[in-house]
Amino acid sequence: MVERFINDGFVTLAVAVPRATIERCTQLLWEQIGLDPHDRSGWTEPVRWVGGMTHQAFVDAMNAPALIDACDRLAGPGRWRPRASMGSFPLRFPHETEPDDAGWHVETSFLPEGATTWHLNLQSKDRALLALFLFTDVDDEDGPTRIRVGSHRDIPALLEPYGERGVSGMRFGPQAAAASAHRHATLATGDAGDVFVCHPFLVHAAQPNHGSRPRFLGQPGVPAGQPYRWDRPDEDCSPVELTIKHALRTG
């Protein structure tokens, strides 16, 4: 797990969330948007967004034992915090209209004082990891998230000049896209219950759903327990910190 995470920037936890929990979460998401999974006439928009969900089913999913273990191994024990909710959820429906949120980007994590848009910085303030939860089965045609494999190594050198205050996601997105354009792209496909655990600097993008069924995804940030550091020996760094340290060293 650690080696693949360092090399690729993500790992896949197969069926990390039990089917019964997934089915309850999916039911709650349908209820939240007020649509019927069996009535296609209501699927009039390419994407519907749902905010944070605090129902116990989502808490159980967010704290699945396989995910807890992965967070300890990748972010480091004590360097991340569990969540009592999950959000947000882009629910993508088969639709001929192209969504306007499909650009390559890195997730933001904090709002600096005086800023009006969310930022990210080299320390990955407030974010230890990114998790992508599949709440439906997802194949190539269902609008799976696109991932640039290894792109987490292209980002630290770009973020370093922005210092502790960091940079807005809107400003940084084009830089991240250009710097990682040489990377091979893969798709976050799999079965309902699979979870992709990603480095906070992984470059990824949405895409339209050209399939025949909705794609329900949760994309919570795993909160940071402390700012990431790399001014210590390699053996004391978590895998997330180690990749940042090595990326800065190699430029």
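Accessible areas here come from the Shrake-Rupley method with a 1.4 Å probe. On that footing, the chain in this predicted model exposes about 11,200 Å², with carbon and sulfur atoms supplying 49% of the area. Turning from the surface to the interior, buried residues account for 53% of the 251 residues.

As for overall form, the fold is built from 7 helices and 12 strands. The C-alpha trace spans about 55 × 35 × 35 Å along its principal axes. The radius of gyration is 18 Å, which agrees with the value near 18 Å that a compact globule of 251 residues would have. Contacts tell a long-range story: of those with a separation of 6 or more, 84% are between residues 24 or more positions apart.

Next come the charges. The chain carries 24 positive and 32 negative side chains, and the centres of these two sets sit 5 Å apart. Side chains of opposite charge can pair when their charged atoms come close. With a cut-off of 4 Å between a side-chain nitrogen of Lys or Arg and a carboxyl oxygen of Asp or Glu, the count of salt bridges comes to 11.

One of these salt bridges stays inside a single helix. Asp69 pairs with Arg73, and their closest N and O atoms are 3.6 Å apart. Both belong to helix H4 (residues 65–74), and because they are 4 residues apart there, about one helical turn separates them. Asp69 is partly exposed at 36% relative accessibility, and Arg73 is partly exposed too, at 40%.

Other pairs reach across the sequence. Arg213 and Asp139 meet in a salt bridge with an N to O distance of 3.5 Å. Arg213 is in the loop between strand E10 (204–205) and strand E11 (215–218), while Asp139 is in the loop between strand E5 (129–134) and strand E6 (146–148), so the pair ties together parts that are 74 residues apart in sequence. Arg213 counts as partly exposed at 32%, as does Asp139 at 35%.

The side chains of Asp154 and Arg183 likewise form a salt bridge, at 2.9 Å from N to O. This pair links distant parts of the chain, 29 residues apart: Asp154 is in the loop between E6 and helix H5 (156–159), and Arg183 is in the loop between helix H6 (169–179) and strand E8 (185–187). Asp154 is buried, with a relative accessible area of 15%, because the threshold for that class is under 20%. Arg183, at 22%, is partly exposed. Beyond these pairs, Arg79, Arg232 and Glu241 are joined in a network of salt bridges.

A few individual positions fill in the picture. Arg92 lies in strand E3 (residues 89–92) and is buried, with a relative accessible area of 3%. Leaving out residues up to four places away in sequence, Arg92 touches a set of residues including Pro46, Val47, Trp49, Asp101, Gly143 and Asn209. Arg213, already met as the salt-bridge partner of Asp139, is also among the residues touched by Arg92.

Ala205, in strand E10, has a relative accessible area of 0% and is buried. Apart from neighbours within four places in sequence, Ala205 is in contact with Ala102, Gly103, Trp104, His105, Thr145 and Arg146. Between Ala205 and Arg232 there are 33 Å from C-alpha to C-alpha, for a sequence separation of 27 residues. Gln27, in helix H2 (residues 19–33), is partly exposed at 39%. The C-alpha atoms of Gln27 and Pro37 are 9.0 Å apart, with the two residues 10 apart in sequence.

Finally, the backbone has some oddities. Most residues other than glycine have a negative phi, and most peptide bonds are trans. The peptide bond from Gly87 to Ser88, however, is cis, with omega near 0 degrees, and Ser88 is in the loop between H4 and E3. Val15 is not a glycine, yet its phi is positive at about 45 degrees. Val15 sits in the loop between strand E1 (10–13) and H2, where its relative accessibility of 52% makes it exposed. Asp126 also has a positive phi, about 70 degrees, without being a glycine. Asp126 falls in the loop between strand E4 (119–120) and E5 and is partly exposed at 43%.

Terms used
Residues numbered from 1 in each chain as written. Predicted model: local features only at pLDDT ≥ 70, side-chain atom pairs only at ≥ 80, totals over all residues. Heavy atoms only, no water. Helix = DSSP H or I, 4+ residues; strand = E, 2+ residues; numbered from the N terminus. Buried < 20%, exposed > 50% of the residue type's maximum accessible area, 1.4 Å probe, protein only. Rg over C-alpha atoms; globule rule 2.2 N^0.38 Å. Contact = heavy atoms within 4.5 Å. Lys, Arg positive; Asp, Glu negative; His and termini not counted. Charge placed at Lys NZ, Arg CZ, Asp CG, Glu CD.
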